[in-house]
There are 2 protein chains.
Amino acid sequence: MKIGVLGTGVVGQAIGGKLVSLGHDVMMGARSADNEKVLAFATRTGGKAGSFGDAIRHGELLFNCTRGDGAIPALGQGRGHLAGKTVMDTSNPLDFSAGFPPSLSVSNTDSLAEMIQREFPAAHIVKTLNTVTAAIMVDPSKIPGAHSVFVSGNDAGAKGQAMDLLRSFGWQSIIDLGDITSARGPEQFLPLWVRLLTTLGTAEFNIAVVK
Amino acid sequence: MKIGVLGTGVVGQAIGGKLVSLGHDVMMGARSADNEKVLAFATRTGGKAGSFGDAIRHGELLFNCTRGDGAIPALGQGRGHLAGKTVMDTSNPLDFSAGFPPSLSVSNTDSLAEMIQREFPAAHIVKTLNTVTAAIMVDPSKIPGAHSVFVSGNDAGAKGQAMDLLRSFGWQSIIDLGDITSARGPEQFLPLWVRLLTTLGTAEFNIAVVK
C-alpha cells in the first residue's frame with residue numbers, strides 16, 4: 001500500500017522503517033524534501049523522501065508522527081489531498097514549556113485528535129499508538145504477553161484499516177474506544193505514562209487491560 | 001487500627017466493610033450522624049456510625065470515599081484533628097454537568113489530591129485506588145493475575161502505611177508514582193477508564209502495567 005509518514009523523529013523513523021519492511025511503498029515527509037533526516041530514512045530503508053505535501057499526495061493512508069503542535073501545520077501542506085484518507089495519528093499534545101513532567105496543551109473537553117479532525121473534516125482521523133514508545137509501537141512482542149493498544153475515530157472503515165495495520169505490526173489486543181472524542185482517554189493517559197516512565201526507569205512498558 | 005471512612009456511597013461501604021472484616025475499628029462518617037446509610041453500615045457490618053467530624057476524630061488513619069467535590073467539605077468538618085494522619089484519597093474529580101461521559105473538574109496542571117493536600121497541609125494525603133471500581137478496590141483477586149494500583153503522596157511513612165493496607169486488601173502490584181503532584185496521572189486516567197467501561201460493558205476491569 002502507498003503510505004505517507006509525516007515526521008522524521010523517532011516515531012516517524014520507527015513507523016516508516018516497519019512499513020517498508022512489511023513491503024509497503026512508503027514516503028516519509030519533512031518540512032522540506034531535502035531535510036537531512038528524511039534523506040537518511042530513504043538511504044537507510046529504501047523508502048522514499050519528500051516534503052509533507054509530497055508524502056500526503058503519495059499516501060493512500062497516512063501516519064501523523066509529528067510532535068503534537070506540528071500535526072495541523074504538516075497536514076495543512078497537503079490539505080487538498082486528504083479526502084477519504086485514513087490518518088493514523090500517533091501524536092501527543094505534550095507541553096514542555098514549564099519543564100518536566102509536561103502538561104497537555106489540550107485536554108479534558110477536547111483533544112488533539114479532535115482538533116485535527118475538525119481542521120480536516122474530509123480525512124478520517126484514527127487516534128492510535130500514542131500510549132506507547134516508538135520501539136513498542138512497531139514491535140509489541142518486545143513486552144511479553146498480551147497488552148493493549150487503542151483506536152478512536154468516527155469512520156468504521158478507517159478504523160478497520162488501522163486495526164489491520166496494527167495487527168501486521170504484531171498487536172493482538174486492540175481496543176476500539178469509540179468515536180474521535182474518545183481520543184481524550186488515551187491522550188490524557190500520557191500524564192500517567194510519564195510518571196510510570198520515571199518510576200520504571202524505562203520507556204519500554206505498556207498497560208494490559210484485564211478483566 | 002482505628003480508621004475513619006468518609007462517605008456512605010458504594011466506595012465507602014465497600015472500603016468500610018472490608019476494613020471491619022480485617023479486624024479494624026472502623027467508624028463511617030456522613031453529613032450527619034443519623035444519616036440512613038451510615039446507620040445501615042453500622043447494622044450491616046458491626047462498624048460504627050458518626051458524622052464526618054466524628055469519623056475524623058475516631059480515625060488514626062482516614063479514607064476519603066466522598067465524591068470529588070465532597071472531599072474538602074467533609075475533611076473540613078474535622079480540620080483540627082488531621083495533623084499527622086494518613087488520608088487515603090480514593091475520590092475522582094468527575095464533572096457530570098454536561099452528561100456522560102464526564103469531564104474532570106480539575107486536571108492537567110493540578111489535581112484533586114493536590115487541592116486537598118493544600119487545604120489540609122498537616123494531613124498526609126495519599127492518592128490511591130481511584131483507578132478501579134469499588135468491588136475491585138477491596139478484592140483485586142476478582143480479576144485474575146497481577147494488575148496494578150498506584151500511590152501518590154509527599155510523605156514516605158504515610159505511603160508505606162497505605163501500601164500495607166493495600167496489601168491486606170490483596171493488592172500485589174502497587175506502584176509508587178512519586179509525590180502528590182503525581183496524582184495528576186491516575187486522576188487523568190479516568191477519561192480512559194470511562195471509555196473502557198462503555199467498551200467492555202463492565203466496571204470490573206483494571207490495567208496491568210507490564211514491561
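How many residue pairs are in polar contact between chain B and chain A, both at pLDDT 80 or more? The count is nine. A polar contact is a pair of N or O atoms within 3.5 Å; within protein, one must be able to donate a hydrogen and the other to accept it, and residues adjacent in sequence count only if both atoms are side-chain atoms.

This is a predicted model, in which local features need pLDDT of at least 70, side-chain atom pairs count only at pLDDT 80 or more, and totals for chains, interfaces and linings use all residues. Residues are numbered from 1 along each chain as its sequence is written, chains are lettered from A in the order in which they are written, and side-chain values use heavy atoms, with hydrogens and water left out.

The rule finds zero salt bridges across the interface of chain B and chain A (a side-chain nitrogen of Lys or Arg within 4 Å of a carboxyl oxygen of Asp or Glu).

Elements of chain B that each supply at least two residues to the side touching chain A (DSSP runs: helices H or I, at least four residues; strands E, at least two; numbered from the N terminus):

| Element of chain B | Residues |
|---|---|
| β7 | residues 103–104 |
| β10 | residues 173–178 |
| α8 | residues 184–188 |
| α9 | residues 190–200 |
| β11 | residues 206–210 |

α9(B) gives the most, with six residues.

Strand β11 of chain A (residues 206–210) runs antiparallel to β11(B), and five bridges join them (strands pair if DSSP finds at least two bridges between them). A:A208 stands opposite B:A208 in β11(B).
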